[in-house]
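Me: Here is a model I would like to go through with you. Please take a close look at a single part first, then link it to the rest.

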Amino acid sequence: YTYRYRNQYIVANDSLQLQRLGKTIDTISQAQIQVGTIASKNQQKLAAPAIKVNKSSASSENYLFVNSKLLGSKESLVLWKESSVIDVYDLVKNRYEFSFYVEDIGKSKLRTFQVFNDTFIGLIGNHIVRYQLGDRFKQTQISPDLTVQKSKPKNNTRISG
C-alpha cells in the first residue's frame, strides 16, 4: 500500500500482516491538510485540497514504482513540467534505487501505469506507452551523495487511441 498524502508505503503478506514500513524520498511525513470552520452550520470542512505526495504506484517482483507528484530539490523544473517522475524502490532492501521520466504526450500526463516483470505500461491521454526496462532497474545503485539519478527508459512504443 502506498500512501497518497505522505511519504510512506506498507509491505504486507498475503494475509495482510505487516512485513515492513518504508519511506519514499519525498519529505512530507504527515498529510498536509487545512481545516476551516463554517460558523453558521457549526461544521468543519477541508479549507483546501490536501497536497498529494504520490499520485499512483505499482509493484513488480521486489520493486515498487511510485509516480511522485512533488518536484524534487535537484530536479529540473522544465523536465518535471514535461514528464511524470517514476521513483523506484527495492522492497527487500527497503531503499530508494533511482528515478526515471515518462514524457508527456502533448499536454497529457501519465494517468495510470502497471509494471509487468521488465515492462512498464502507461496510459497518457488516449495513448498507451510501453517501455522495456530490462535489467537496468536491477543494477542501478544509489549514488554516494544521494543525488537523484534520472534517465529515460529505452525502447518505448506508443499506441495511439
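Is N42 buried or exposed, and what is its relative accessible area?

Reply: This is a predicted model. N42 has a relative accessible area of 70%. The cut-off for exposed is over 50%, so N42 counts as exposed. N42 sits in the loop between β3 and β4. Strand β3 covers residues 34-38, and β4 covers 43-48. The backbone of N42 deserves a look too. Its phi is near 55°. That is a positive value, and N42 is not a glycine.

A second asparagine can be set beside N42. Phi of N117 is near 55° as well, again positive in a residue other than glycine. N117 lies in the loop between β9 and β10. Strand β9 runs over residues 110-116.

Now the chain as a whole. The protein chain has 2 helices and 13 strands. It counts 161 residues, and buried residues make up 35% of them. The accessible surface of the chain is about 10100 Å². Carbon and sulfur atoms account for 49% of that surface. What share of the contacts between residues at least 6 apart joins residues at least 24 apart in sequence? The share is 44%.

Follow β10 from the N117 loop. Strand β10 spans residues 119-124 and includes L123. L123 has a relative accessible area of 25%. That value falls between the cut-offs of 20% and 50%, so L123 is partly exposed. The C-alpha atoms of L123 and R111 are 5.6 Å apart. Along the chain, 12 residues separate this pair. With neighbours within four places in sequence set aside, L123 contacts K109, L110, R111, T112 and I128.

One of those partners, K109, leads to a salt bridge. The side chains of K109 and D104 meet at 3.0 Å, N to O. K109 is partly exposed, at 34% relative accessibility. D104 is at 15%, under the 20% cut-off, so D104 is buried.

How many salt bridges does a search of the whole structure find? It finds 2. Next comes the one between R95 and E97. Their side chains meet at 2.8 Å, N to O. The two side chains are also joined by a polar contact of 2.8 Å. E97 belongs to strand β8, residues 95-103. E97 is at 5% relative accessibility, under the 20% cut-off, so this acidic residue counts as buried. R95 is partly exposed, with 29%.

Aromatic rings come next. A pair of aromatic rings is described by the distance of the centres and the angle of the planes. The structure holds 6 aromatic pairs. One of them joins F98 and F100. Their centres are 6.3 Å apart, with 35° between the planes. This pair is tilted. Both residues are buried. Another pair brings together F113 and F120. Here the ring centres are 5.2 Å apart and the planes meet at 20°. Stacked means planes under 30 degrees apart, so this pair is stacked. F113 is buried at 3% relative accessibility. F120 is at 0%, and counts as buried. These four residues belong to one aromatic cluster, made of F98, F100, F113, F120 and Y131.

Last, a look towards the start of the chain. I10 is in strand β1, residues 8-12. I10 has a relative accessible area of 25%, between the 20% and 50% cut-offs, so I10 is partly exposed. Setting aside residues up to four places away in sequence, I10 touches Y1, Y3, L18, R20 and L21. Its C-alpha atom is 9.8 Å from that of L91. In sequence, I10 and L91 are 81 residues apart.

Back to the part you asked about. N42 is an exposed residue, set in the β3 to β4 loop, with a positive phi.

Terms used:
Residues are numbered from 1 along each chain as its sequence is written. This is a predicted model: local features need pLDDT of at least 70, side-chain atom pairs count only at pLDDT 80 or more; totals for chains, interfaces and linings use all residues. Side-chain values use heavy atoms; hydrogens and water are left out. Helices (H or I, at least four residues) and strands (E, at least two) are DSSP runs, numbered from the N terminus. Buried means under 20% relative accessible area, exposed over 50%, partly exposed in between (1.4 Å probe, protein chains only). A polar contact is a pair of N or O atoms within 3.5 Å; within protein, one must be able to donate a hydrogen and the other to accept it, and residues adjacent in sequence count only if both atoms are side-chain atoms. Contact means heavy atoms within 4.5 Å. Accessible areas come from the Shrake-Rupley method with a 1.4 Å probe; for residues, only the protein chains shown count as cover. A salt bridge is a side-chain nitrogen of Lys or Arg within 4 Å of a carboxyl oxygen of Asp or Glu. Rings of Phe, Tyr and Trp (its six-membered ring) pair if their centres lie within 6.5 Å; planes under 30 degrees apart count as stacked, over 60 as edge-to-face and the rest as tilted.
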